[in-house]
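Please examine the sequence and the three-dimensional structure shown here. The briefing below is intended to be read alongside them.

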Amino acid sequence: MSNAVEAYNPGLFDLTHKLTVEKHGHTALLTINHPPANTWDRDSLIGLKQLIEHLNRDDAIYALVITGQGSKFFSAGADLKLFADGDKARAREMARCFGEAFEALRDFRGVSIAAINGYAMGGGLECALACDIRIAERQAQMALPEATVGLLPCAGGTQALPWLIGEGWAKRMILCGERVDAETALRIGLVEQVVDNGEARGHALLLAAKVARQSPVAVRTIKPLLQGARERGPNSWLPEERERFVDLFDADDTREGVNAFLEKRDPQWRNR
């Protein structure tokens with residue numbers, strides 16, 4: 001895998017400079033760049049959805065890392081000024097934009113990693129919850145404080161958080177407004193790794209680089225099986241697991257992977 005870093009220009013839309021994208025080998029690095037708190041708005045949410053749609057069609061991209069610009073915020077979520085006038089039409093539109101963007105992120109065909117480099121609050125934490133893996137820096141703080149201002153998490157938080165950390169801790173965070181630090185997040189399963197300040201991005205890119213050693217076709221076949229237990233009991237997926245195993249034999253990468261192993265060489269994936 002090449003370690004070269006280059007600008008990544010999907011050429012389909014304008015990210016309005018609130019999201020910046022670089023390509024690191026087979027990894028797209030997305031930085032939320034909306035100071036001072038890296039908040040999400042309609043434009044950046046639409047941009048995220050369109051970016052994911054483009055990455056899903058790019059055979060050279062196997063993984064996605066998301067982080068925040070600066071050293072204080074991963075993302076503080078939505079700017080509450082958007083809701084100050086009580087406009088229900090705007091609230092409905094923003095809820096739709098948040099849902100569509102983060103559901104697209106959840107369903108990204110590759111591996112997504114959140115590099116939580118600071119506060120991840122509200123929609124910021126929901127963005128991280130939509131990723132496959134979360135790496136947090138020691139100074140990070142995480143919360144879903146919407147009820148504190150009379151709102152509720154509307155971008156998957158009420159569904160993803162209890163699945164990940166259990167109902168009890170999810171209720172503490174959502175119903176009691178409890179904020180957790182990185183070590184607590186690691187202990188309860190909210191994040192998978194805690195690293196020193198300033199190192200989340202680097203560790204996430206190193207982990208993403210490991211994805212390039214996996215067959216991208218196998219990864220995108222496996223991922224829905226792993227996530228499927230949220231919707232059905234685990235045992236109900238066993239027949240489909242076997243069928244997806246057989247389906248992989250239609251892929252060029254399956255033959256390449258098996259023969260590369262037998263020939264004691266690195267596989268050359270074609271993502272097809």
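The points that follow are grouped by topic, from the whole protein to single residues. The model is predicted. The protein holds 10 helices and 11 strands. Its radius of gyration is 19 Å, close to the 19 Å that the globule rule gives for 272 residues, so the protein is as compact as a globular protein of that length.

**Overall form and surface**

- The C-alpha trace of the protein spans about 65 × 45 × 40 Å along its principal axes.
- Of the 272 residues, 46% count as buried.
- Among contacts with a separation of 6 or more, 66% are made by residues 24 or more positions apart.
- The accessible surface amounts to about 13,900 Å², and carbon and sulfur atoms account for 52% of this surface.
- The protein has 33 positive and 37 negative charges, and the mean positions of these two sets are 1 Å apart.

**Strand β6 and its neighbours**

- Strand β6 covers residues 111–116, and six of its six residues are buried.
- Which residues of β6 lie on each face? Val111, Ile113 and Ala115 are on one side, while Ser112, Ala114 and Ile116 are on the other, and both faces are covered.
- Strand β4 (residues 63–68) runs parallel to β6, and five bridges join the two.
- Within this pairing, Leu64 has Ser112 of β6 as its bridge partner.
- Strand β8 (residues 133–137) is also parallel to β6, to which four bridges join it.
- Here Ala115 has Ile135 of β8 as its bridge partner.
- Two residues named in these pairings, Ser112 and Ala115, thus belong to opposite faces of β6.

**Val191, a buried loop residue**

- Val191 is located in the loop between α6 (182–188) and β11 (193–195).
- Is Val191 buried or exposed? Its relative accessibility is 3%, so Val191 counts as buried, since buried means under 20% relative accessible area.
- Leaving aside residues up to four places away in sequence, Val191 touches Ile116, Arg134, Ala136, Met142, Ala182, Ala185 and Leu186.
- One of these contacts, Ile116, is itself a buried residue of β6.
- Val191 and Leu238 are 47 residues apart along the chain, and their C-alpha atoms are separated by 28 Å.

**Backbone geometry in the loop between β3 and α1**

- Most residues other than glycine have a negative phi, and most peptide bonds are trans.
- The peptide bond from Pro35 to Pro36 is cis, with omega near 5 degrees.
- Pro36 is placed in the loop between β3 (27–32) and α1 (42–55).
- Asn38 is found in the loop between β3 and α1 as well.
- What is the phi of Asn38? The angle is near 50 degrees, a positive value in a residue other than glycine.
- Asn38 has a relative accessible area of 2%, so this residue is buried.

**Backbone geometry after α10**

- Asn271 is found in the segment after α10 (252–262).
- Phi of Asn271 is near 60 degrees, which is again a positive value in a residue other than glycine.
- With a relative accessible area of 3%, Asn271 is buried.

Technical notes
Residues numbered from 1 in each chain as written. Predicted model: local features only at pLDDT ≥ 70, side-chain atom pairs only at ≥ 80, totals over all residues. Heavy atoms only, no water. Rg over C-alpha atoms; globule rule 2.2 N^0.38 Å. Buried < 20%, exposed > 50% of the residue type's maximum accessible area, 1.4 Å probe, protein only. Contact = heavy atoms within 4.5 Å. Areas by Shrake-Rupley, 256 points an atom, 1.4 Å probe, with all protein chains shown as cover. Lys, Arg positive; Asp, Glu negative; His and termini not counted. Charge placed at Lys NZ, Arg CZ, Asp CG, Glu CD. Pairing = 2+ DSSP bridges.
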